[in-house]
Amino acid sequence: MSTFEFLLQGLAVAAQPMNLVYALIGVTLGTAVGVLPGIGPALTVALLLPVTYRLDPAGSLIMFAGIYYGGMYGGSTTSILLNTPGESASIVTALEGNKMARAGRGGPALATAAIGSFVAGLIATIALAFVAPYIVKLALVFGPREYFALMVLAFVTVSSAFGDSALRGLTSLFIGFTLAIVGIDQLTGQTRMSFGIPDLLDGVEVTTLAVAMFAIGETLFIVAQGQSGDEKVEAVKGSVWMSAQDWARSWKPWLRGTLIGFPIGAMPAGGAEIGTFLSYATEKKLSKHPEEFGHGAIEGVAGPEAANNASAAGTLVPLLTLGLPTTATAAIMLAGFQQFGLQPGPLLFATNPQLVWGLIASLFIANLMLLVLNLPLIGLWVKLLTIPKPWLYAGILLFATLGTIGANPSVFELGMLLAFGILGYVMRIFGYPIAPAVVGLILGPLAEQQLRRALAIGQGDPSVLFTSWIAVALFAVAAAAFFVPLIMRIRGRGQVLTQLAANED
């Protein structure tokens with residue numbers, strides 16, 4: 001079947017009444033959490049994992065994708081009106097958007113962000129639909145060696161992409177590996193690190209770890225930071241709509257931002273932040289009004305916001321086709337797939353095409369819903385900023401606890417939730433990223449399984465891992481992904497030290 005036929009089948013799934021409801025709930029929640037400073041889409045998806053445990057898999061995943069897209073949209077609101085990014089990918093939007101709001105042009109800034117997000121999301125979703133089948137065809141030839149090499153690449157890129165230090169990322173990853181060992185060995189049937197506790201025979205629940213670290217740990221960390229001063233929300237003055245000149249200055253940045261954001265989001269070590277900064281730099285260089293940058297240039301809002309949403313669709317390429325998460329939200333979505341017994345990858349396209357294509361098609365619907373929701377309801381989103389922070393964070397902790405109890409009513413599970421929450425809090429205090437720990441728990445058993453199968457095929461000879469050119473190429477990319485940033489960081493420090501020595505002389 002052609003991509004068009006698969007998309008039509010997917011639209012039939014996504015257009016079912018209940019799935020439309022799930023999509024609406026997802027984009028509404030996503031926009032709301034994007035607006036609230038410090039509460040990102042990863043935290044929201046983690047909170048909803050135990051709640052959706054017994055729901056329809058397609059509807060739940062459609063809702064998670066809607067939250068992801070909505071979070072990208074909503075983050076621009078606080079960046080523009082409060083100068084506080086709702087999530088990390090909206091940092092660049094604050095540079096020009098808040099300046100426009102202070103100059104009384106908050107409406108056009110919000111409009112170009114919303115329309116640019118819609119244009120980018122639409123184009124990027126089409127690209128996702130057409131790129132994914134080709135990657136799936138390549139991945140279908142993978143054997144145990146290639147899959148293990150792919151997992152190594154995932155581990156390295158996840159460790160390097162999250163946080164400021166690759167070493168801290170690897171440490172977090174190995175915490176996930178350690179937790180993944182707990183339970184019954186799937187190949188031998190032996191118990192490992194269960195310490196005689198029956199509740200540990202099935203291993204550590206991914207849902208419990210994700211909720212604990214992303215919801216409880218992150219919330220405790222945010223609360224511990226305290227207030228950072230008075231927050232002034234800029235009022236939206238005048239019309240929310242854009243003038244003809246605003247349209248003329250925005251449409252090219254929308255397209256350029258899409259072209260920059262999608263491929264970067266699809267890279268194993270990509271992420272929305274890189275694309276937004278590149279888009280901002282590109283617009284500043286190509287603008288006919290470079291003097292406005294730093295004082296409220298509309299191109300500085302249009303381009304990065306388009307790159308932001310295009311990267312969200314790009315992130316779904318490695319997630320759906322290879323099972324590789326490149327952002328924290330993608331890692332939690334991977335946990336969402338696994339709680340329904342699904343493993344993203346090429347086989348999922350073959351065994352459950354209705355779910356995959358329904359999810360892809362739902363992105364078109366979510367994108368349209370977001371455009372309708374964002375501008376007319378801007379007043380409602382601004383009011384969310386007035387929610388007292390103690391109520392908000394207490395509500396998150398309560399919801400996380402009740403959700404876990406509902407999914408697994410066990411005192412021991414509740415104790416693990418608290419323990420992992422404190423662990424996540426401590427990791428955040430010392431600058432250790434928490435996403436690699438979740439990825440290690442999810443992908444660790446799969447990597448171990450593929451490694452043992454490859455060694456069994458080679459009768460215990462480790463060199464069998466390097467007898468496939470695909471595996472060798474993946475190992476080479478993983479090595480480059482680890483050592484190149486390390487070398488660049490060492491060279492950067494050397495240049496700083498040289499400059500300091502020169503200044504002292």
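Student: Where is I216 placed?

Tutor: I216 sits in helix 9. Keep in mind that we're looking at a predicted model.

Student: Why is I216 called buried?

Tutor: The relative accessible area of I216 is 10%. Buried means under 20%, so I216 makes the cut.

Student: Which residues is I216 in contact with, leaving aside its neighbours within four places in sequence?

Tutor: With those neighbours left aside, I216 contacts V211, L397, A400, L417 and G421. There's also a long jump in sequence here: I216 and I396 are 180 residues apart along the chain, and their C-alpha atoms are 7.7 Å apart in space.

Student: What makes A210 count as buried?

Tutor: A210 is another residue of helix 9. Its relative accessible area is 0%, and the cut-off for buried is under 20%, so A210 is buried.

Student: What does A210 touch, not counting residues up to four places away in sequence?

Tutor: A46, L49, A215, I332 and V438. As for L441, it is 231 residues from A210 along the chain, with 9.8 Å between the two C-alpha atoms.

Student: How do you know that helix 3 is mostly covered?

Tutor: Count its buried residues: eight of the eight in helix 3 (residues 41-48) are buried. They are P41, A42, L43, T44, V45, A46, L47 and L48.

Student: Why is helix 3 called oblique to helix 9?

Tutor: The two axes come within 8 Å and cross at roughly 130 degrees. That angle is not over 145, as roughly antiparallel would need, and it falls outside the 65 to 115 range for roughly perpendicular; helix 3 is therefore oblique to helix 9. The crossing is left-handed.

Student: Which residues of helix 3 and helix 9 meet?

Tutor: From helix 3 you have A42, L43, A46 and L47, and from helix 9 A210, V211, F214, A215, E218 and T219. By class, that contact holds eight nonpolar residues, one polar and one charged.

Student: What makes helix 2 roughly parallel to helix 4?

Tutor: Helix 2 (residues 17-35) packs on helix 4 (residues 57-81) at an angle of about 30 degrees, and the axes are 6 Å apart. Angles under 35 degrees count as roughly parallel, which means helix 2 and helix 4 earn that name. Their crossing is right-handed.

Student: Which residues of helix 2 and helix 4 meet?

Tutor: On the helix 2 side, N19, Y22, A23, I25, G26, V27, L29, G30, T31, G34 and V35; on the helix 4 side, A58, G59, I62, M63, G66, I67, G70, G71, G74, G75, T77 and T78. These residues divide into 10 nonpolar, 13 polar and no charged. If 13 polar looks odd to you, remember that Gly is counted among the polar residues.

Student: How do you know that G34 is buried?

Tutor: G34, in helix 2, has a relative accessible area of 0%. With buried set at under 20%, G34 qualifies, so we call it buried. G34 and G74 are 40 residues apart along the chain, yet their C-alpha atoms are separated by 4.1 Å.

Student: Why are helix 4 and helix 15 called oblique to each other?

Tutor: Helix 15 (residues 353-374) packs on helix 4 at about 40 degrees, with the axes 9 Å apart. Roughly parallel needs an angle under 35 degrees, and roughly perpendicular starts at 65, so the pair is oblique. This crossing is right-handed. Its contact is made by P57, A58, L61, I62, A65, Y69, G70 and Y73 of helix 4, together with L355, G358, L359, S362, L363, N367, L370, L371 and N374 of helix 15. Sorted by class, those are 12 nonpolar, five polar and no charged.

Student: What makes Q459 count as exposed?

Tutor: Q459 is in the loop between helix 19 (435-457) and helix 20 (469-504). Its relative accessibility is 77%, and exposed means over 50%, so Q459 is exposed. Its phi is near 55 degrees, a positive value in a residue other than glycine.

Student: And for the whole protein, how many helices and strands are there?

Tutor: 20 helices and two strands. Of the 505 residues, 54% are buried. The exposed area is about 21600 Å², with carbon and sulfur atoms supplying 68% of it. And of the contacts between residues at least 6 apart in sequence, 78% join residues at least 24 apart.

Note on methods. Residues are numbered from 1 along each chain as its sequence is written. This is a predicted model: local features need pLDDT of at least 70, side-chain atom pairs count only at pLDDT 80 or more; totals for chains, interfaces and linings use all residues. Side-chain values use heavy atoms; hydrogens and water are left out. Axes are lines fitted to C-alpha atoms, for helices over the stretch in contact, and angles run from 0 to 180 degrees between N-to-C directions. Helices (H or I, at least four residues) and strands (E, at least two) are DSSP runs, numbered from the N terminus. A crossing is left-handed if the near helix is turned anticlockwise from the far one by less than a right angle, and right-handed if clockwise. Contact means heavy atoms within 4.5 Å. Buried means under 20% relative accessible area, exposed over 50%, partly exposed in between (1.4 Å probe, protein chains only). Accessible areas come from the Shrake-Rupley method with a 1.4 Å probe; for residues, only the protein chains shown count as cover.
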